[in-house]
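Here is a short report on a few local features. Strands come first, then a helix, then a loop residue.

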Amino acid sequence: MDSIISNPVLTLVIPCYNEEEVLPETISRLTVILEELAESQLISKHSKMLFVDDGSRDQTWDIIASYNQNNPFVSGLKLAKNAGHQNALLSGLMEAKETSDCVISVDADLQDDLNAIREFIIKFKEGYDIVYGVRKSRTTDTFFKRSTAQGFYRVMSKMGVNIVYNHADYRLMSKRVLQELSNFKEVNLFLRGLVPLIGYRSTEVYYDRHERFAGESKYPLKKMLAFAFDGITSFSITPIRLISAVGFAMFGISLLIAVYTIISKLLGTTVWGWSSLMLSIWFIGGLQLVALGLIGEYIGKIYKEVKQRPKYIIETLLNSQSTLDTENTKKVKNSEREAVAVQ
């Protein structure tokens, strides 16, 4: 960073989808953390929490609105409909970048260790623009989830995608990182891959991940697989190249089979087995369908990008008291500057 900010204005961006069971506890814990950090003069007293309601069907927004009336740290952003976790997170980041010196994104389920926030701020004050929250281990995961998650990171790395191992969306970003992030206009969002592309000075903070405090996971196996596939196809054309390589390999095999067929014809042994014929037809037919499906996936992404539809639509914005205080302070300072200029 160009200069170190002594008491930065921090915004915690928390995307929420049907989190009524855990939200009161989340607000309570984050309030304590913000108060402690403000008292320690690590952050400004104008810091806040921004809860993004991603089209929840339960009482999530009512809870946010209720706490907004009584808790000076709580602000809310309600999307018109469910836009997906990444888009909801982006909407909060873009809203927070105008009034914040740094932003930390964290999930509402309390699985991420909130005590790491203090370490994030310390690293920010040391001059880091990006601080990644990285899990120390995956001992709390099931064998299947641990294996698939680790396999995902390895596959992404093999395909040339710059991604931080065992990092999800628990991270700190400075104001200028958010400004640069706003220049990425793609519809197919994969923030874990986009943020490292910005390239500013970064570091990592390691933490232990907890069990979900309440409610159910919003990322079942189907969504996890879709998220992983989107990440791979949004950042790498390696799958297309693999299909091309398989195509060349099949062409080579077909040449060998052609030679074998000609030799068999000359030797008079041209009776072929039904099984081998059927297996060949089904194998090549299936391979062609997979190749077409993969190509179609890339074409579909191009189709979405070309239309340039908005990634999210904001329905309601509730500012926190700390935000209003910050805006009023800025107005007073601007008025004082104007008065001095007139004199």
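In this predicted model, strands β5 (residues 130-135) and β7 run parallel and are joined by six bridges. Within that pairing, valine 134 stands opposite tyrosine 206 of β7.

Strand β7 covers residues 202-207, and its side chains alternate. Thr203, Val205 and Tyr207 point to one face and are buried. Ser202, Glu204 and Tyr206 point to the other face and are not buried. In a regular strand, side chains alternate between the two faces of the sheet. Tyr206, the residue opposite valine 134, thus belongs to the face that is not buried.

Helix α7 spans residues 191-198 and is mostly covered. Seven of its eight residues are buried. They are Leu191, Arg192, Gly193, Leu194, Val195, Pro196 and Ile198. Glycine 199 follows α7, with a positive phi near 90 degrees.

Now the loop residue. Where does aspartate 109 sit? Its place is the loop between β4 (102-105) and α4 (116-125). Is aspartate 109 buried or exposed? Aspartate 109 counts as buried because its relative accessibility is 7%, and the cut-off for buried is under 20%.

Two distances place aspartate 109 further:

| Partner | Atoms compared | Distance |
|---|---|---|
| glutamine 111 | side chain of aspartate 109 to backbone nitrogen of glutamine 111 | 3.1 Å |
| cysteine 16 | C-alpha of aspartate 109 to C-alpha of cysteine 16 | 8.8 Å |

Aspartate 109 and cysteine 16 are 93 residues apart along the chain. The glutamine 111 entry is a side-chain reach to a backbone atom.

Technical notes: Residues are numbered from 1 along each chain as its sequence is written. This is a predicted model: local features need pLDDT of at least 70, side-chain atom pairs count only at pLDDT 80 or more; totals for chains, interfaces and linings use all residues. Side-chain values use heavy atoms; hydrogens and water are left out. Helices (H or I, at least four residues) and strands (E, at least two) are DSSP runs, numbered from the N terminus. Buried means under 20% relative accessible area, exposed over 50%, partly exposed in between (1.4 Å probe, protein chains only). A polar contact is a pair of N or O atoms within 3.5 Å; within protein, one must be able to donate a hydrogen and the other to accept it, and residues adjacent in sequence count only if both atoms are side-chain atoms. Two strands pair if DSSP finds at least two bridges between them.
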